Amino acid sequence: MALMALNWRMVDEDFQQAISRFGLRLLLLFFPTMHPISAASALQQSAAAARPPATTCPHLSKYDLRSTHVYGSCSSSSTLDTKPGPMADMESSPKSELKPLDQEAHPKGDTKRGGWITLPFIAGSMLAMGLAINGTTTNLQIYLIKEYNMESIDATQIAYIVRGSLYLVPLAGAILSDSYFGCFPVILAGAATSVLSFVLFTLSAALPSLRPPHCPKASAACQKGTPGQLAVLYGAMFLLAIGTGGTRFNMATLGADQFSSSRDQDTFFIWYFVFLYASFMLGDTAIVYLQDGVSWALGFGVCLAAMAFSLLMLLMGARFYRSPAPKGSPYSELTRVVVAALRKGRVDVGARYYVGNDAAAVDSASVGAPSKTLRFLNRAAMITASDNFLETSGAGHGTSDSQQLCTVQQVEDLKSLLAVFPLWSSGIMLSVSIGVMIGMIILQALTMDRSIGHRFKIPAGSMGVCSVAAFIAVTPVLDRVAFPLWRRITGVPPSALQRVGLGHVVNIAGMVVAALVERRRSSIVRLLHGAAAADEAASGGVTPMSVFWLVFPIAIVGIGEALYFPGTMAFYYLEFPKTLRSLATAMAPLLVAMGFYLSTVFVDVVRRVTAWLLGNINQGRLDNVYWTLAVAVTINFGYFLLCATRYKYQNQSTTMADC
């Protein structure tokens, strides 16, 4: 990795600038709804960076240019007067710069980095990465059934676990980036690990010795994979989960860190999901077709090439990224708040609270005192006789070396996390319903007529592209038509939680439509052909019903995701403490992970308690499974409304992010 980075520094920076400008213009061509001012400023950044001022220091190469205020030994030839004066002092003074209220301070030295100029590199990396990862995970269920001779329900549950891991491990990646390394190094390490994963996948498909003999029809007589063959397969899955943990959703934090205003950050999150789902759509179509219709080895080989390209794009944009330095582990501080509050559990609540070193100790009635919610945690910041609080520089000021005394800000940071948890938990059932549908739709498609004409047959694993296409198609409509119309009618834009609530409602509709479509499918099997058709389907036959009926429920669920997931991402990012921004962007994938893991539990319980899910779904009652999910997500929506109405915003700009 270090060698690759060293070699890249030798590449002419003019080529990088050309790539960035070309990418920005390409994005404007295909995504004209991007904010025009932001896009124009990005092009100006790119042009300015492509024309650096000439230096009067011949001993410095063009890769060693530094600003004069750092080294003081070099001046630009475009400088008219090098003599410092009052006007120069005013221009260089931080107090003379007027910043928007929603603009955050960034570390000194990062002012010339970041902005929309970084979007082509981040977007290109995301597209290639998502194509490879999603193309593999979407078709993994089919790969296990056809190439490893696994039973359909068993393969579905393994696919649930793998997909859940791809969304759970990013939580560990977020902790590493927040606490120790920052986003960019973690993303690079994850991308390199993913490359190794696709090397193993490609070998497992290319070498016959790494998989069991092909079995034309699924049956108990088919030979299963040996321990060695399964070790290679599961090793590839493990590396893929580790690599995705470092890349997929840390990319969201890396992208958001490039912008200072909440408006630009909210816009980025919307388009982040557009690019993410665009890569999903490419993976669900092109990669799945190559794997299932041409060659599994070729399909995995293309994924390997795409992942390597993603890594290259990350390195190409490294010189433009704004990378805030990690400030140590915020999680240890949160843990210390809990420990300190428990140790002071029997102490009477005092009147003074610790704000921080060299700051005033405030009483409960002063500005800066802890909030009244979760008052038990306020004990962690309460000053007691055992805290060794030392008075300095006047009344009320002091320091403390006690490990049992936390600052008010640390207490409030923990409270903000706990306050969000009920709202976060309300999304688990929604994710379970989506996870179950994803697995069952593939099994339904395997039994339906997937032919287009006489020669082409739609891969069963590609049915998920309908959800992705609906997400991509509806997002610009929501951003430029529906939300502005909402604002015109109500006077205010829809808040993040309102968008999340609408996503819940649309998801309920998707489950109902899925149940109705499955009822029609099973009715055709039973009424037209009886039990014989079910037995025929078990041996590889086709149900006389077009697979396009499945488009309706999948597309409706995709529209719900377009409302739900960008809203949750923006909500968590704005409501979480600034030191936990990577964790904030990992909260949405953590929901998806919980959904996939609990989908496995849900399917297992249904198989044990009912006869709805059999090895042959034509002999079961899959429609009852969808009806059960519809009832569950409806009840869950009521729980969400209860949590949303009781929630108090920690950051008031959350409700105004769309202004």
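This report describes the overall make-up, the internal cavities and a few individual residues of a predicted model.

## The chain as a whole

The chain contains 20 helices and nine strands. Of its 659 residues, 51% are buried, and the surface that the chain exposes comes to about 29900 Å², with carbon and sulfur atoms supplying 65% of that area. Among the contacts in the chain with a separation of 6 or more, 81% are accounted for by residues 24 or more positions apart.

The structure holds zero disulfides. Two cysteines can nevertheless be described by their burial: C303 has a relative accessibility of 0% and counts as buried, and C466, with a relative accessible area of 17%, is buried as well, because the limit for that class is under 20%.

## Cavities

Seven cavities of 30 Å³ or more are found in the structure. The largest cavity has a volume of about 620 Å³, while the second largest cavity holds about 60 Å³ of space. The table sets out the composition of the two linings by residue class.

| Cavity | Nonpolar | Polar | Charged |
|---|---|---|---|
| Largest cavity | 21 residues | nine residues | four residues |
| Second largest cavity | five residues | one residue | two residues |

Which residues lie nearest the centre of the largest cavity? They are Y167, I434, I438, E561 and F596, out of a lining of 34 residues. Several helices take part in this lining: α6 (119-147), α7 (152-181), α11 (262-294), α15 (428-446), α16, α18 (551-575) and α19 (581-609) each supply at least two residues. The helix that gives the most to the lining of the largest cavity is α15, with seven residues.

The lining of the second largest cavity can be given in full, and consists of I270, T475, L478, D479, F483, R499, A562 and P566. The elements that give two or more residues to this lining are α16 and α18, and the largest share, four residues, comes from α16. Both α16 and α18 are also among the helices that each supply at least two residues to the lining of the largest cavity.

## D479 and Q141

D479, one of the residues that line the second largest cavity, is placed in helix α16, which spans residues 465-490. Is the aspartate at this position buried or exposed? With a relative accessible area of 17%, D479 is buried, because the class takes in values under 20%. When residues up to four places away in sequence are not counted, D479 touches I270, W271 and P484; of these, I270 also belongs to the lining of the second largest cavity.

Q141 is found in helix α6, a helix that is among those supplying at least two residues to the lining of the largest cavity. The relative accessible area of Q141 is 1%, so this glutamine is buried. With residues up to four places away in sequence again left out, Q141 touches S152, A155, T156, A159, G439, I442 and L443.

## Loop residues and positive phi values

Most residues other than glycine have a negative phi. Against that background, two loop positions deserve mention.

N149 lies in the loop between α6 and α7, and the phi of N149 is near 55°, a positive value in a residue other than glycine. At 6% relative accessibility, N149 counts as buried.

L374 is placed in the loop between β3 and β4, and the phi of L374, near 50°, is likewise a positive value in a residue other than glycine. Where N149 counts as buried, L374 has a relative accessibility of 44% and counts as partly exposed, because that class lies between the limits of 20% and 50%.

The loop between β3 (362-363) and β4 (390-391) also contains M382. With a relative accessibility of 1%, M382 counts as buried, whereas L374, in the loop between β3 and β4, counts as partly exposed. How far apart in space are M382 and A369, C-alpha to C-alpha? They are 10.0 Å apart, and 13 residues separate them in sequence.

Key. Residues are numbered from 1 along each chain as its sequence is written. This is a predicted model: local features need pLDDT of at least 70, side-chain atom pairs count only at pLDDT 80 or more; totals for chains, interfaces and linings use all residues. Side-chain values use heavy atoms; hydrogens and water are left out. A disulfide is a pair of cysteine sulfur atoms within 2.5 Å. Buried means under 20% relative accessible area, exposed over 50%, partly exposed in between (1.4 Å probe, protein chains only). Contact means heavy atoms within 4.5 Å. Accessible areas come from the Shrake-Rupley method with a 1.4 Å probe; for residues, only the protein chains shown count as cover. On a 1 Å grid over the protein atoms alone, a cavity is a set of points where a 1.4 Å probe fits but cannot get out, and a pocket is an open set with protein on both sides within 12 Å along at least five of seven lines; lining residues have an atom within 4 Å of a point. Grid points are joined across faces, edges and corners, and a volume is the space filled by probe spheres set on the points. Ala, Val, Leu, Ile, Met, Phe, Trp, Tyr, Cys and Pro count as nonpolar, Asp, Glu, Lys and Arg as charged, and the others, Gly among them, as polar.
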